[in-house]
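Me: I'm new to this one and would like to go through it in small steps. Could you show it to me first?

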Amino acid sequence: MAAETRVFLEVRRRLQSALLIVGEPSRGSMSVDVSVMPTLLRVENPAGCVEIQLPAEMRLVPSSCGGLCHVAGDGLHLRLRAHTESQVSPKLISMFNQSSKAQECCTFYCQSCGEVIIRDRKLLRVLPLPGENWGALVEEWCCHLDPFANKPLHPLENDCFIGDSFFLVNLRSDLKQEPKANTKVICKRCKVMLGETMSSETTKFYMTEIIIQASDRSFPFIPRSQFVQSVTAQCLVELSSTRSTFRFTIQGQDGKVYILLWLLNSDSLVIESLRSSECIRKFPLLEDTLKVDSSSALNAVKVLYQPCIKSRNEKLVSSWESDLSVHSLTLPSATCLELLLILSRSNAALPLSLRQMNSFQVAFLKM
């Protein structure tokens, strides 16, 4: 059996820099030859080689190689400059786009099984909801009595309101019986929790559970783990951009905090090759079931996280909950556990030296 050599490459778009880690062979001490070319990385040992073809938008600068060192348990670390096309943006899993979706007939699907939840709903208004504390700021806006007091924002039949991690829609015309407030909305086919009723007319659907697609298109199959991490990553990036918020508590619909998340950066491209006895071009990091195309790296956000299940990190949770700069994201409890598993698997796939930072665990979420 050939020795296994691990190659890990993280490129930062904004910094135009790259970190290359070449792992030690899994069996014995063997010489390793590392070749760095603008569009190709090759790692060879007597048992075989690992070859990585870089995506078209990325170029390494071989002459900038520096900081070569050996880290016990990891292997060789090398830093160098990298050029990336800043105009090339990550291809995101489609969430709700206000301009393109308004006026269209849309169908709401359960993401887990494809069951139709709302069929052929024409949305005339797709509007973002104000921040969660908007009501407390009204006094600063008005010189008279609060005109919005006790007037929650409820969508009409052809409306869809977008929150931080959820959609609000009016389901009254789709149901035979008037729904009760504060009850769970469960998929009839797979029994997954999709959201909850806010009133007799308004229903909240969580973004991690629903796919909204133009009615003339078929249901897109997306692996569950890929969908959850992409939607979560996009929510983090959006909130960090619009509200300058970088720390988040991930809590279930029951109010229990499951994860503390700290967004480090959103401009990483990650390539990893785990093993091969011959030249390969596969990058399994962050992916479970889909084979990643060798023509593109994985666009990802880098986060620090702390699990909070089974009463872990109670003092830290209390401190973050009382901090006004920390934003709370609410998801179904089962999805919080799914996200924690995704983070844990990402962390375990990293080189040992990259797994911890300031007592937090490090992970990547694919965009």
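Reply: Let's start with a term: on a 1 Å grid over the protein atoms alone, a cavity is a set of points where a 1.4 Å probe fits but cannot get out, and lining residues have an atom within 4 Å of a point. Grid points are joined across faces, edges and corners, and a volume is the space filled by probe spheres set on the points. This is a predicted model, where local features need pLDDT of at least 70 and side-chain atom pairs count only at pLDDT 80 or more, while totals for chains, interfaces and linings use all residues. Residues are numbered from 1 along each chain as its sequence is written, and side-chain values use heavy atoms, with hydrogens and water left out.

Me: How many cavities of 30 Å³ or more does a search of the whole structure find?
Reply: The largest cavity holds about 50 Å³ of space. Counting everything of 30 Å³ or more in the whole structure, the search gives two cavities.

Me: Which helix gives the largest share of the lining of the largest cavity?
Reply: The lining residues are Ser165, Met207, Thr208, Val231, Thr232, Cys235, Leu329 and Leu331. Helices (H or I, at least four residues) and strands (E, at least two) are DSSP runs, numbered from the N terminus. Three of the lining residues come from one helix, residues 224-243, and that is α3.

Me: Where does the largest cavity lie with respect to the domains?
Reply: Domain bounds here come from an automatic or database domain assignment. Both domain 2 (105-214) and domain 3 (224-266 + 289-366) give residues to the lining, so the largest cavity lies between domain 2 and domain 3.

Me: How many disulfides are there?
Reply: A disulfide is a pair of cysteine sulfur atoms within 2.5 Å. By that rule, the count is zero. Cys113 is in no disulfide, as the nearest cysteine sulfur, in Cys187, is 3.5 Å away. For Cys160, the closest cysteine sulfur is in Cys106, too far for a bond at 8.4 Å.

Me: Is Cys160 buried or exposed?
Reply: Buried means under 20% relative accessible area, exposed over 50%, and partly exposed in between (1.4 Å probe, protein chains only). Cys160 has a relative accessible area of 0%, so the word for Cys160 is buried.

Me: Which residue stands opposite Met193 in β15?
Reply: Two strands pair if DSSP finds at least two bridges between them. Strand β14 (residues 184-186) runs antiparallel to β15, with three bridges joining them. Five of the five residues in β15 (residues 193-197) are buried. The residue opposite Met193 is Ile186.

Me: What is the bridge partner of Glu196 in β16?
Reply: β15 also pairs with strand β16 (residues 202-206), antiparallel and over three bridges. A hairpin through four residues joins β15 to β16. The partner of Glu196 is Lys204.

Me: What phi does Lys191 take in the hairpin of β14 and β15?
Reply: Most residues other than glycine have a negative phi. Lys191 goes the positive way in this hairpin, which has six residues between the strands, and its phi is near 65°.

Me: Where is Lys310 found, and is Lys310 buried or exposed?
Reply: Lys310 has a positive phi of about 55° although it is not a glycine. Its place is the loop between β20 (298-307) and α4 (314-321). With 76% relative accessibility, Lys310 counts as exposed.

Definitions and conventions
On a 1 Å grid over the protein atoms alone, a cavity is a set of points where a 1.4 Å probe fits but cannot get out, and a pocket is an open set with protein on both sides within 12 Å along at least five of seven lines; lining residues have an atom within 4 Å of a point.
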